[in-house]
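Trainee: I've got a protein model open on my screen and I'd like to walk through it with you. Can we take it one piece at a time?

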Amino acid sequence: MVNNAEVLCQQMANAMASIPADVTLKTMTDERLFPAHKFVLKLRSSVFAAMFSGDFVENQMEKPIEIFEISGQVMEAMLAYIYCRSFDGWKEIAGELAVAADMVRMFRFIFLLLNNFVCSTTFSHCINCALAFCGPKSP
């Protein structure tokens with residue numbers, strides 16, 4: 001049986017690969033660069049939608065947009081979900097991903113992370129993820 005979601009995902013990934021990125025995100029924890037497409041980011045996150053609309057400084061910038069408090073590993077995983085709803089293999093960073101998803105208001109992603117990873121793992125891992133998600137936030 002054909003999984004239509006996977007087929008659509010692959011078609012989207014192929015199409016987006018042929019379109020030049022119009023924004024670069026830079027994780028400041030490890031200074032990794034991630035080319036991306038404003039249109040896709042805006043579709044998946046209300047924070048990105050606001051950031052790339054109107055007169056926000058990020059919408060006018062030519063240099064990479066600096067993203068603080070998110071590691072390159074977490075950004076890579078989050079972008080994989082944004083572009084293709086794929087988040088296989090990131091069980092160990094589920095708590096960090098949930099925090100990052102909260103920062104950009106991707107509530108469905110948080111629900112999926114909590115449902116698929118946190119609730120299906122060891123008790124100690126659940127505690128670590130909960131602490132990462134509920135821990136102190138930067139001002």
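Trainee: In which sense do strand 1 and strand 2 pair, parallel or antiparallel?

Mentor: Keep in mind that this is a predicted model. Strands of a sheet pair through backbone hydrogen bonds, and the sense can go either way. Here five bridges link strand 1 with strand 2, which covers residues 32–36. The sense of that pairing is antiparallel.

Trainee: Which residue in the turn of that hairpin has a positive phi?

Mentor: Strand 1 and strand 2 form the hairpin, with four residues between them. One residue in the turn has a positive phi of about 55°. That residue is Glu31.

Trainee: What is the order of the strands in the sheet?

Mentor: Start with strand 3, residues 65–67, which runs parallel to strand 1 and is joined to it by three bridges. Strand 1 also pairs with strand 2, in the antiparallel sense, and the pairing in the sheet is mixed. The sheet is open, and its three strands come in the order 2-1-3.

Trainee: Which are the edge strands?

Mentor: Look for strands that pair on one side only. The twist averages 30° from one strand to the next. The edge strands are strand 2 and strand 3.

Trainee: Which residue in strand 2 stands opposite Thr27?

Mentor: Find Thr27 in strand 1, residues 23–27. In this strand, Leu25 stands opposite Phe34 of strand 2, while Lys26 stands opposite Glu66 of strand 3. For Thr27, the residue opposite in strand 2 is Arg32.

Trainee: Is Thr27 buried or exposed?

Mentor: Leaving out neighbours within four places in sequence, Thr27 touches Arg32, Phe34, Ile67, Ile70, Ser71, Gly72 and Met75. Four of the five residues of strand 1 are buried, so the strand is largely enclosed by the rest of the structure. Because its relative accessibility is 0%, Thr27 counts as buried.

Trainee: How far does helix 5 reach from its first C-alpha to its last?

Mentor: Helix 5 spans residues 72–84, so count 13 residues and allow 1.5 Å a residue, using one less than the number of residues. That gives an expected 18 Å, and the model comes close to it. The reach of helix 5 is 18 Å.

Trainee: At about what angle does helix 5 run to strand 2?

Mentor: Helix 5 lies across strand 1, strand 2 and strand 3. Its buried residues include Gly72 and Met75, and both of these are in contact with Thr27. To strand 2, helix 5 runs at about 10°.

Trainee: Which ring does the charged end of Arg44 sit over?

Mentor: Try helix 5, where the buried residues include Tyr81. The charged end of Arg44 is 4.9 Å from the centre of the ring in question. That ring belongs to Tyr81.

Trainee: What is the angle between the planes of Phe48 and Phe52?

Mentor: The structure holds one aromatic pair. Phe48 and Phe52 make up that pair, which is stacked, with 6.0 Å centre to centre. Phe48 counts as buried at 1% relative accessibility, and Phe52 is buried at 3%. The angle between their planes is 5°.

Trainee: How many residues of helix 6 are buried?

Mentor: Helix 6 runs over residues 94–103 and is mostly covered. Among its buried residues are Leu97, Val99 and Asp102. Just past the helix, Arg105 takes a positive phi of about 60°. Out of the 10 residues in helix 6, the number buried is eight.

Key:
Residues are numbered from 1 along each chain as its sequence is written. This is a predicted model: local features need pLDDT of at least 70, side-chain atom pairs count only at pLDDT 80 or more; totals for chains, interfaces and linings use all residues. Side-chain values use heavy atoms; hydrogens and water are left out. Helices (H or I, at least four residues) and strands (E, at least two) are DSSP runs, numbered from the N terminus. Buried means under 20% relative accessible area, exposed over 50%, partly exposed in between (1.4 Å probe, protein chains only). Contact means heavy atoms within 4.5 Å. Rings of Phe, Tyr and Trp (its six-membered ring) pair if their centres lie within 6.5 Å; planes under 30 degrees apart count as stacked, over 60 as edge-to-face and the rest as tilted. A charge sits over a ring if NZ of Lys or CZ of Arg is within 6 Å of the ring centre and within 35 degrees of the ring normal. Two strands pair if DSSP finds at least two bridges between them. Axes are lines fitted to C-alpha atoms, for helices over the stretch in contact, and angles run from 0 to 180 degrees between N-to-C directions.
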